Amino acid sequence: MDRLLQLQQELLRGDYAPGPYTHFFIHEPKRRKISAAGFRDRVVHHALCGIIEPRFERVFIPDSYANRTGKGTHRAIDRLQAFCRRYRYVLRCDIRQHFASIDHAILLESLHKLVWEPDIMTLIKKTVAGGCDVLADEYDMVWFPGDDLLAVCRPRGLPIGNLTSQFWSNCYLHSFDLFVKRELGCRAYLRYVDDFALFSNDKQQLWHWKTAIVSRLAVLRLTMHHSKAQVLPTGSGVPWLGFVVYPGFRKVKSRKVTHATRRLRQRYQAYCGDEISFAEFDASVQGWINHVRYADSWGLRRHVLQPFLIKPGDLHRKKSSTASRRYM
């Protein structure tokens, strides 16, 4: 409580300053640099989002699904499959080096449209500046029309791992969402962080939209992976958030299956060697099941879990016939 009161006084006086980050890397699905803010800074992030997030929630489009209450990964998958059933073609895109590319000047301008209080904007600027260059080594310089040599010095990048970064990503791309919906007139569009998809029954229209999207992203100093941005029939399956979504069913991506199988086998070996408890091993299994149950995965679950044998004592304590069958 004393530290909270001290933090409150710093915020009221305006002399609060963000602390340093702790960095580490994860390698699934690809190598990413995660930057963890200090605990007191995370308290400030939550308080700040609690004030300004409702303002932006009122203007965000319904089909933006990342880091929003009542949205999330699985609802984004449901929505994408609904579009697959209604339209013949899809243009699926993702932004290149998204968090590392976010331009601070553009971000602050977009936030200032709904944040009028000078003290809150000052706090936002401090928080944004505190993460400047955290991802500098993850960013490959891109030159846009009108750039001069000083473009290299533009402050950019939001730390992956901050609550504010995830929220500000939605704010940053809000104008792009409106562009797709209003100016392009795409009725079937959804986005999850830097992944987005447009649907149509006209293949040529999607190719035309792709050209317009490239130009619009350049205004935000963003680029997309052009090789991945192809117009494809929805019936051939749409890769989306770890799944491949078809009009009538879903599959788990093979890469995800390989990673999960390797991970669960490691946990099983640790359990057999008494390095972890049955509860810890079971938590890993249940977490994976909870993820893949959103696909047509009965056969996959049986194949992956069949080799795992549970010690008799642990099986008795579990007291579940379902668990008995699952680990046979």
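Arg 221 sits in the loop that runs between helix H8 (203-219) and strand S6 (231-233), and in this predicted model its backbone has a positive phi of about 60° although the residue is not a glycine. Most residues other than glycine have a negative phi. Val 193, which belongs to the loop between strand S4 (189-192) and strand S5 (195-200), likewise has a positive phi, near 55°. Are these two loop residues buried or exposed? Arg 221 has a relative accessible area of 10% and Val 193 has 14%, and both are therefore buried, since the cut-off for that word is under 20%.

| Residue | Phi | Relative accessible area |
|---|---|---|
| Val 193 | near 55° | 14% |
| Arg 221 | about 60° | 10% |

**Helix H5 and its surroundings**

Helix H5 covers residues 104-112, and its buried residues are His 104, Ile 106, Leu 107, Leu 108, Ser 110 and Leu 111. These buried residues pack against four helices, namely H2 (39-57), H6 (118-130), H7 (163-183) and H8. At the N-terminal end of H5, Asp 103 acts as a cap, with a side-chain oxygen placed 3.2 Å from the backbone nitrogen of Ala 105.

**The largest nonpolar core**

The largest nonpolar core holds 96 residues, and the members that touch the most others are Ile 124, Trp 168, Phe 176, Phe 196, Leu 198 and Phe 199. Helix H7 gives the most to this core, with 8 residues. Which residues is Phe 199 in contact with, once its neighbours within four places in sequence are left aside? The partners of Phe 199 include the aromatic residues Phe 83, Tyr 87, Tyr 89 and Trp 209, and among the others are Leu 80, Cys 84, Val 90, Cys 186, Ala 188, Leu 190, Leu 206 and Thr 234.

**An enclosed space**

Rolling a probe the size of a water molecule over the atoms shows where empty space is left. The structure holds 1 cavity of 30 Å³ or more, and the largest cavity contains about 40 Å³ of space. Its lining is made up of Tyr 21, Thr 127, Val 128, Gly 131, Leu 158, Pro 159, Asn 162, Thr 164, Ser 165 and Trp 168, which divide into 5 nonpolar, 5 polar and no charged residues. Helices H6 and H7 each supply at least two residues of this lining, and H7 gives the most, with 3 residues. Trp 168 thus appears twice in this account, as a residue of the cavity lining and as one of the members of the largest nonpolar core that touch the most others.

Note on methods
Residues numbered from 1 in each chain as written. Predicted model: local features only at pLDDT ≥ 70, side-chain atom pairs only at ≥ 80, totals over all residues. Heavy atoms only, no water. Buried < 20%, exposed > 50% of the residue type's maximum accessible area, 1.4 Å probe, protein only. Contact = heavy atoms within 4.5 Å. Polar contact = N/O pair within 3.5 Å; in protein donor to acceptor, adjacent residues only side chain to side chain. Core = buried A, V, L, I, M, F, W, Y, C linked by side-chain atoms within 4.5 Å. 1 Å grid on protein atoms, 1.4 Å probe; cavity = no way out; pocket = protein on both sides within 12 Å on 5 of 7 lines; lining within 4 Å. Points joined across faces, edges and corners; volume = space filled by probe spheres on them. Nonpolar A, V, L, I, M, F, W, Y, C, P; charged D, E, K, R; others polar.
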